[in-house]
Amino acid sequence: MYVAAVLIYDGMWAFDFGVAVEVWGIDRTDAGGPAFELRRCSVDCDTVDGDSGFSVRATHDLDGLRTADLILAPGRNDDTAPVDPRITDALREAVDRGVPVVGMCGGAFTLAQAGILNGRRATTHWLLIDRMRELFPAVRVEPEDLYIEDHGIWTSAGTASLIDLCLHLVRITQGAKAATLIAHRMVTPPHRSGNQRPYIDTPLPPDHQTPDPLTTVIDWAKANLQQRLTDRQLAEMAHMSERTFTRRFTQTTGATPQQWLRHQRLLQAQHLLESTHLSIQTVALRTGFGSPALFRRHFTTHFSTTPTAYRREFQDSPDED
């Protein structure tokens, strides 16, 4: 069973704690979801008071972190307030053991106080970026990313991007099928790409009578990922100049056309690796990467594992080629 442990402390944000509960604290095994244990860990196993008048009873003290597979640190109503040194010690010990640690939005400040973000890339809510840079100059703050991983330490931007990060963590540990199941139960897209600008992954037409040409192109591209798709070709299909098409596409999806295509191809590759016996070469061709070498490079960069290792871990009753 996969064990996630969320640190709980006075003033923590209700949303951050709620996302941890929604993703790892609900039993979905009856629907084919993975088995999770969510531990609520506080100093001395105390009950804590959240930011909005709610209280949370701990299930474990900080020793509960020692055997967890993942540790999450929520943001607080005063993210710059001093953190109990027992918590920062526990976080440093977890990093030394190689346990993934997550700073949930403003929770990045908790990780920074522990010193484990020094020299690492990190992000947080855009309203807190300048404060993070001021207080922790040793942290390499990236202002636009939805979430960032640097040597097993994860940080996320504001609100919805925390959901993105948590679903991504399920995806890389339990597989795309599990992440999609949880996302559907949460009524949220299973995967988004881009940055902290508002966008949607697959825009819908504004009405049924006059489909948006951008939506038509996106739908066609998703059905033809095996082809070599250029910005010029897609722009011509949308009856736009390449410059106008790229600008509108990026405004709508939060990613350039080629970034979006790469994400869609990787998602399709996940599905094929999980559900078929297709060779790596065939998967590379079907998803539009062309060569197995290019496919392996992009897959490994994005998911921190090779296609072969991912298939071995997550293949589920595959069909024969």
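Two strands are said to pair if DSSP finds at least two bridges between them, and with that rule in hand we can walk through this structure, which is a predicted model. Strand β6, residues 101–103, is joined to β10 by three bridges, and the two strands run parallel. Within this pairing, valine 102 stands opposite tryptophan 154 of β10. Strand β10 also has a partner in β9, residues 147–150, but here four bridges join the strands and they run antiparallel. Tyrosine 147, for instance, has serine 156 of β10 as its bridge partner. Strands β9 and β10 form a hairpin with two residues between the strands, and in this hairpin histidine 151 takes a positive phi near 55 degrees.

These strands belong to something wider, an open sheet of six strands in the order β2-β1-β5-β6-β10-β9, with mixed pairing. The edges of the sheet are β2 and β9, each of which pairs on one side only, and from one strand to the next the twist averages 20 degrees. Toward the β2 edge, strand β1, residues 2–7, runs parallel to β2 and is joined to it by six bridges. One pair to look for there is alanine 5 with its bridge partner in β2, arginine 39.

What lies against the sheet? Helix α5 packs on it, touching β1, β2, β5, β6, β9 and β10, and the direction of α5 makes about 150 degrees with that of β10. Helix α2, residues 85–97, lies across β1, β5, β6 and β10, and runs at about 130 degrees to β6. Returning to β10 itself, residues 153–156, we find that both of its faces are covered: Ile153 and Thr155 are buried on one side, while Trp154 and Ser156 are buried on the other.

The helices can be read in a similar way, by asking which residues are buried and what covers them. In helix α6, residues 176–186, the buried residues include Ala176, Ala178, Leu181, Ile182 and Met186. Their cover includes helices α1, α5, α10 and α13, together with strand β2. Just after α6 comes valine 187, whose phi is positive, near 55 degrees.

Helix α9, residues 242–253, offers a clear example of a helix with two kinds of face. Its twelve residues reach 16 Å from the first C-alpha to the last, close to the 16 Å expected at 1.5 Å a residue. The buried residues of α9 are Phe245, Phe249, Thr250 and Thr253. Why do these buried residues line one face of the helix? Seen down the axis of α9, they fall within an arc of 125 degrees, so they line one face. That buried set packs against α7 (213–223), α8 (231–237) and α10 (257–275), whereas the face turned away from the buried side carries the exposed residues Arg243 and Gln251. Following α9 is glycine 254, which has a positive phi near 80 degrees.

Several positive phi values have now appeared, and they deserve a moment of attention because most residues other than glycine have a negative phi. Aspartate 44 is a residue other than glycine with a positive phi, near 60 degrees. Aspartate 44 lies in the loop between β2 and β3, and it is exposed, with a relative accessible area of 53%. Histidine 239 is likewise not a glycine, yet it has a positive phi of about 60 degrees. This histidine 239 lies in the loop between α8 and α9, where it is exposed, with a relative accessible area of 74%.

Finally, we may ask how many disulfides a search of the whole structure finds. The search finds zero. Cysteine 45 is in no disulfide, and the nearest cysteine sulfur, that of cysteine 41, is 8.2 Å away, although a disulfide requires the two sulfur atoms to be within 2.5 Å. Cysteine 45 is partly exposed, with a relative accessible area of 35%. Cysteine 105 is also in no disulfide, its nearest cysteine sulfur being that of cysteine 166, which is 11 Å away. With 11% relative accessibility, cysteine 105 counts as buried.

Note on methods:
Residues are numbered from 1 along each chain as its sequence is written. This is a predicted model: local features need pLDDT of at least 70, side-chain atom pairs count only at pLDDT 80 or more; totals for chains, interfaces and linings use all residues. Side-chain values use heavy atoms; hydrogens and water are left out. The expected span of a helix is 1.5 Å times one less than its number of residues. Buried means under 20% relative accessible area, exposed over 50%, partly exposed in between (1.4 Å probe, protein chains only). The arc is that of the directions from the helix axis to the C-beta atoms. Contact means heavy atoms within 4.5 Å. Axes are lines fitted to C-alpha atoms, for helices over the stretch in contact, and angles run from 0 to 180 degrees between N-to-C directions.
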